[in-house]
Amino acid sequence: MPHLPDPLPRALAPLPGEGLPGLLLRLSHRLDMSPLQVLIRAGAVKPPAASVPGQLLVTLGSRLKLFAHTTRLTADEAAALTLEPHGERFPPVTESLRIQTQHRFTWARIDPWVLSTFTRYCPKCLAGDGSVIQKRHGGPWKAEWRLAVSFICREHRTFLRHLCPTCRRPAHKFDAQAGSKLLPLMQFKELHPAQCRNPAQDQDVLDPICGARLDTPPASPRLPAASPALLHLQDRIGALLDGAGSPQTAREYFTDLRILSAIILATWPLAREFNPAPLTKAVEHHLTMHRREIDALPGERRQRTWDRPPEPAIASAALLHTADQILALDQHDRDEALRSMLRSGPDPDSGKWGRTDLHLFHASLSFRSAVMQARDRRSQNLARGPSSRLGSDSYRPEHIPQWLPDHWLQYPNGDLLAPRLRHPMQRRAAAVRLIQMVSRMGVQAAALPRHPRYLARAPSRQPTLAHRPVPQRPRDRTPGEPDQRHHLHNRLPPPPDQPGDLDAAPNALGHYLGAGHSEARHHPTRR
């Protein structure tokens with residue numbers, strides 16, 4: 001058994017709801033150490049640590065037992081400091097727990113609905129409850145404030161804040177100068193846990209830290225009182241996070257809420273009628289600032305997505321309340337609202353939707369079907385035209401294999417229709433495109449046909465945006481060269497005369513391809 005280091009000389013019991021950054025701040029204040037020194041002593045990072053990953057907000061992982069031992073906590077107490085306990089009910093936490101691997105590099109992508117680069121806060125909570133220990137070291141920085149669905153303090157019934165009243169930057173804001181995603185300027189000590197740790201804006205001052213106290217509500221700007229409807233919504237969200245209802249119900253509700261929030265932002269002001277008048281300005285202000293941020297970015301980085309939640313709690317409250325109001329409608333009215341918004345919204349295949357398509361796989365069945373049908377109707381005229389339909393009506397989606405055979409994708413001389421078809425994802429996209437050409441499906445439905453036995457169904461692993469067909473731009477082919485989809489159409493084998501039952505389709509397809517049933521269905525994954 002490896003030797004464990006000695007525990008820290010003093011310890012603090014976690015406060016109710018406290019997150020890891022909050023405990024580090026209070027513990028370092030008690031020990032007269034910097035938060036970075038505490039993390040190194042606790043085995044959470046290895047020296048010399050120039051940066052502390054934001055992934056520690058979500059999980060301690062293999063560091064859990066050592067951290068618990070060093071800080072004199074139980075393993076359950078240490079795990080409760082992270083967002084990992086919410087993973088079963090809040091899908092963005094689950095997404096943030098996944099480790100991405102490519103070649104020799106591994107990294108963790110923290111979902112934008114986990115607020116890893118700043119935090120919201122309640123000044124009254126930070127001021128403490130008046131006990132001796134909280135008078136000395138302050139109250140809790142709560143873990144749930146890092147979730148985009150937290151916008152009201154459930155204890156004090158007021159909107160959460162996110163800006164420091166002095167430097168006017170988000171609390172615990174990450175940037176290159178601050179150095180760490182977990183907390184800014186973690187190498188500095190002698191700061192009260194409730195002080196702002198953002199770098200000072202004025203480079204001429206001697207103190208490099210803002211240092212303003214966040215535990216006293218500023219005289220201005222004054223936040224409006226939370227309405228009963230918003231308080232009720234926050235209570236319902238908090239109950240789902242705390243364990244009310246089944247985990248599946250919670251996951252589906254939060255996913256539906258997230259997808260609908262993206263649709264509302266992308267199509268605003270079409271959903272204005274569902275938004276309370278006092279909160280309309282909050283959403284409009286967020287959208288104005290959002291677009292200014294996009295315009296300020298270099299051209300190649302202007303792919304900000306509608307899937308990112310607003311930073312201000314009031315704007316989040318307005319957005320989530322609007323989405324919740326639409327979800328609460330009866331099915332017919334809800335579906336009509338979705339069709340109305342998506343009919344006039346951005347192109348369903350725009351990259352600005354971010355990962356919204358992937359979230360659909362975790363949405364409730366009725367909501368997922370409604371969104372896909374609404375987007376299909378919207379995309380029929382965008383992704384399919386008279387010239388892109390197959391001439392024969394005897395082809396059906398189940399006749400298109402998931403992995404297109406080579407001779408479907410070649411000119412008579414053996415050259416590929418397009419060099420990019422060597423890439424597995426582009427070949428998959430070609431199959432989806434063929435499904436569109438033989439049916440009235442839009443891109444989304446073609447990528448995930450409704451019948452589970454279609455040969456061109458999506459792979460068992462989660463599909464990525466690369467599975468979607470990329471429209472061929474004029475510069476992708478030389479002038480006068482016909483569109484490759486017509487060449488692909490001409491290379492198709494004759495359709496079966498009597499397709500019959502879907503179970504017989506694989507054998508019929510294998511016969512016409514001159515290949516085995518299994519080859520028509522699957523192809524080994526290529527990297």
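This passage describes the nonpolar cores, the packing of helix α9 and several backbone features of a predicted model.

The protein contains 19 helices and two strands. Of its 527 residues, 51% are buried. Where contacts join residues at least 6 apart in sequence, 69% of them link residues at least 24 apart.

The largest nonpolar core comprises 105 residues, and within this core L39, F67 and L260 touch the most other members. Helix α9, which spans residues 247–267, supplies the largest share of the core, with 11 residues. The surroundings of L39 can be listed individually. When neighbours within four places in sequence are set aside, L39 is in contact with L24, A44, V45, V52, L56, F67, L182 and M186. F67 thus appears both in this list and among the core residues that touch the most other members. A second core is separate from the one just described and has six residues, including I400, A430, A431 and I435.

The packing of α9 was examined against two other helices. In general, a pair of packed helices is described by the angle between the axes and by the distance between them. For α9 and helix α12 (residues 331–344), the angle is about 45° and the axes are 9 Å apart. The arrangement of α9 relative to α12 is therefore oblique. The two helices, α9 and α12, form a left-handed crossing. On the α9 side the contact involves L260, I263, I264 and T267, which meet L338, M341 and L342 of α12. Six of the residues in this contact of α9 with α12 are nonpolar and one is polar, while no charged residue takes part.

The second partner is α11, which covers residues 313–327. Here α9 and α11 pack at an angle of about 110°, with 9 Å between their axes. An angle from 65 to 115 degrees counts as roughly perpendicular, so α9 is roughly perpendicular to α11. The crossing of α9 past α11 is right-handed. From α9, the residues Y253, D256, L257, L260, S261, I264 and L265 make the contact, and from α11 the residues L319, L320, T322, A323, D324, I326 and L327 do so. These residues of the contact of α9 with α11 divide into 10 nonpolar, two polar and two charged. L260 and I264 of α9 occur in the contact with α11 and also in the contact with α12.

One residue of the α9 and α11 contact, L320, was considered in more detail. L320 lies in helix α11 and has a relative accessible area of 2%; because values under 20% count as buried, L320 is a buried residue. Apart from residues up to four places away in sequence, L320 touches W113, A148, V149, F151, L233, L257 and S261. Of these, S261 is 59 residues from L320 in sequence, but the C-alpha atoms of the two residues are 6.6 Å apart in space.

A further pair brings together residues that are distant along the chain. A229 and H321 are 92 residues apart along the chain, and their C-alpha atoms are separated by 8.3 Å. A229 belongs to helix α8 and, at 40% relative accessibility, is partly exposed.

Several backbone features fall in loops. The peptide bond from W268 to P269 is cis, with omega near 15°. P269 is located in the loop between α9 and α10, the latter covering 277–296. Two residues that are not glycines have a positive phi: R157, at about 60°, and H172, at about 55°. R157 is in the loop between α7 (132–137) and α8 (228–242), and H172 is likewise found in the loop between α7 and α8. Their accessibility was also computed. R157 has a relative accessible area of 33% and is partly exposed, whereas H172 is buried, with 3% relative accessibility.

Methods
Residues are numbered from 1 along each chain as its sequence is written. This is a predicted model: local features need pLDDT of at least 70, side-chain atom pairs count only at pLDDT 80 or more; totals for chains, interfaces and linings use all residues. Side-chain values use heavy atoms; hydrogens and water are left out. A nonpolar core is a set of buried Ala, Val, Leu, Ile, Met, Phe, Trp, Tyr and Cys residues joined through side-chain atoms within 4.5 Å. Buried means under 20% relative accessible area, exposed over 50%, partly exposed in between (1.4 Å probe, protein chains only). Helices (H or I, at least four residues) and strands (E, at least two) are DSSP runs, numbered from the N terminus. Contact means heavy atoms within 4.5 Å. Axes are lines fitted to C-alpha atoms, for helices over the stretch in contact, and angles run from 0 to 180 degrees between N-to-C directions. Angles under 35 degrees count as roughly parallel, over 145 as roughly antiparallel, 65 to 115 as roughly perpendicular and the rest as oblique. A crossing is left-handed if the near helix is turned anticlockwise from the far one by less than a right angle, and right-handed if clockwise. Ala, Val, Leu, Ile, Met, Phe, Trp, Tyr, Cys and Pro count as nonpolar, Asp, Glu, Lys and Arg as charged, and the others, Gly among them, as polar.
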